[in-house]
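Reader: I should like to go through the fold of this protein, beginning with its helices and then turning to its sheets. Could you take me through the packing step by step?

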Amino acid sequence: MILAIDCGNTNIVFTLYRETGDRVASWRAQSRAGMDADALMVPLRATLAGLPPEADRITGAVIASVVPALTAVLEELCADRLGVPVTVVGEPGVDLGLDIAIDHPEQVGADRLVNALGAAHKGYLPAVILDFGTATTFDIVLPARPQSHALALYDGGVIAPGVHRSVEALVAAAAKLPPIEVKSWPADQPLIGKSTKTAMQSGILWGYVCLIDGMITRIKSHYNQPMQVIATGGLAHLFAPHISQIEVIDCDLTTDALFQLYRTLAARS
């Protein structure tokens with residue numbers, strides 16, 4: 001089995017894949033400063049113990065991380081605790097097969113580039129990838145340029161505040177505002193709040209719906225062509241039902257792409 005790890009600023013997503021590409025298991029851990037490889041081994045052991053006896057052992061791992069301090073911990077988990085070869089996106093020799101058309105390619109988060117790779121592998125191009133994470137990001141992935149050997153062209157994107165972080169900042173800055181749970185709301189969630197709580201709920205739901213709808217409309221107008229809108233990330237299922245422009249929800253986009261990357265690089269070696 002191959003262990004794919006997507007480490008973001010809020011959560012770390014672990015997914016086990018068979019060599020065939022079938023997902024075997026998936027779980028999450030919070031991204032916390034000071035966590036170590038031994039702590040991460042606990043849920044991993046529990047997951048492996050719950051698999052059927054015929055499940056394969058882990059033979060390799062691939063990591064995309066936007067938290068440098070945790071990247072080293074995850075490498076230790078894989079290389080030292082599991083004793084398997086590790087591929088880390090961003091390290092020398094790890095070629096994603098993308099053209100990256102931005103001013104400073106080294107500044108793009110590994111997860112955003114891997115999502116672009118996933119869009120290419122799954123045939124979503126041209127695409128706007130909407131990722132609901134610590135930030136709310138919009139990434140543009142286009143077909144590769146003529147005569148290019150790349151899989152796709154990453155053409156930049158937009159970074160907006162994430163839903164959870166916006167709510168936390170609002171509550172922290174306003175003494176009389178109560179904490180609000182980010183949850184699934186009905187389609188008829190009132191626009192006009194009749195209490196502080198319902199007014200905040202409207203701001204969270206319809207505020208982000210308007211932000212996302214408006215941004216997608218502007219992006220499509222900028223490129224003047226049809227583009228598939230792919231939603232991923234932990235909150236995709238909460239907001240997608242309210243945003244008609246979202247065509248696909250693919251919460252496994254990142255780890256699926258990591259698995260494909262590992263398999264491609266292994267085939268070349």
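Reader: At what angle do H3 and H7 pack?

Author: The axes of H3 and H7 lie 8 Å apart, where helices are DSSP runs of H or I of at least four residues and strands are E runs of at least two, numbered from the N terminus. The model is predicted, so local features need pLDDT of at least 70 and side-chain atom pairs pLDDT 80 or more, whereas totals for chains, interfaces and linings use all residues. Residues are numbered from 1 along each chain as its sequence is written, and side-chain values use heavy atoms, without hydrogens and water. With axes fitted to C-alpha atoms (for helices over the stretch in contact) and angles taken from 0 to 180 degrees between N-to-C directions, H3 and H7 pack at about 80°.

Reader: How are H3 and H7 oriented to each other, roughly parallel or roughly perpendicular?

Author: Angles under 35 degrees count as roughly parallel, over 145 as roughly antiparallel, 65 to 115 as roughly perpendicular and the rest as oblique. The angle between H3 and H7 is about 80°. The two helices are therefore roughly perpendicular.

Reader: How many charged residues has the contact of H3 with H7?

Author: Contact means heavy atoms within 4.5 Å; on the H3 side Val114, Asn115, Leu117, Gly118, Ala119 and His121 take part, and they meet Leu253, Thr254, Ala257, Leu258, Gln260 and Leu261 in H7. Ala, Val, Leu, Ile, Met, Phe, Trp, Tyr, Cys and Pro count as nonpolar, Asp, Glu, Lys and Arg as charged, and the others, Gly among them, as polar. The contact thus has 7 nonpolar and 5 polar residues, and the number of charged ones is none.

Reader: Which strands stand at the edges of the open sheet of 5 strands?

Author: This sheet has mixed pairing (two strands pair if DSSP finds at least two bridges), and its order is E3-E2-E1-E4-E5. Each edge strand has a single partner, so one of its sides is left without a neighbour in the sheet; the edge strands are E3 (23-30) and E5 (86-88).

Reader: By how much are neighbouring strands of this sheet turned against each other on average?

Author: The value concerns the sheet with the order E3-E2-E1-E4-E5. With direction ignored, its neighbouring strands are turned on average by 15°.

Reader: Which residue is the bridge partner of Leu16 in E3?

Author: E2 and E3 are paired in the antiparallel sense over 7 bridges. They form a hairpin with 5 residues between them, and Gly21 in its turn has a positive phi of about 100°. Opposite Leu16, the partner in E3 is Ala25.

Reader: Which residue stands opposite Thr87 in E5?

Author: E5 pairs with E4 (residues 60-65) in the parallel sense, over 3 bridges. Opposite Thr87 stands Val62.

Reader: Which helix packs on the sheet, touching E1, E2, E3, E4 and E5?

Author: Helix H2 (residues 68-82) lies across E1 (2-7), E2, E4 and E5, and runs at about 165° to E1. The helix that touches E1, E2, E3, E4 and E5 has a direction that makes about 130° with that of E1; it is H7 (residues 253-268).

Reader: Which strands stand at the edges of the open sheet of 6 strands?

Author: The order of this sheet, also of mixed pairing, is E6-E9-E8-E7-E10-E11. Each edge strand has a single partner strand, so one side is left without a neighbour; these strands are E6 and E11 (248-249).

Reader: Which residue in E8 stands opposite Leu130?

Author: E7 (residues 127-132) and E8 (residues 135-143) pair in the antiparallel sense over 6 bridges. Opposite Leu130, the residue in E8 is Phe138.
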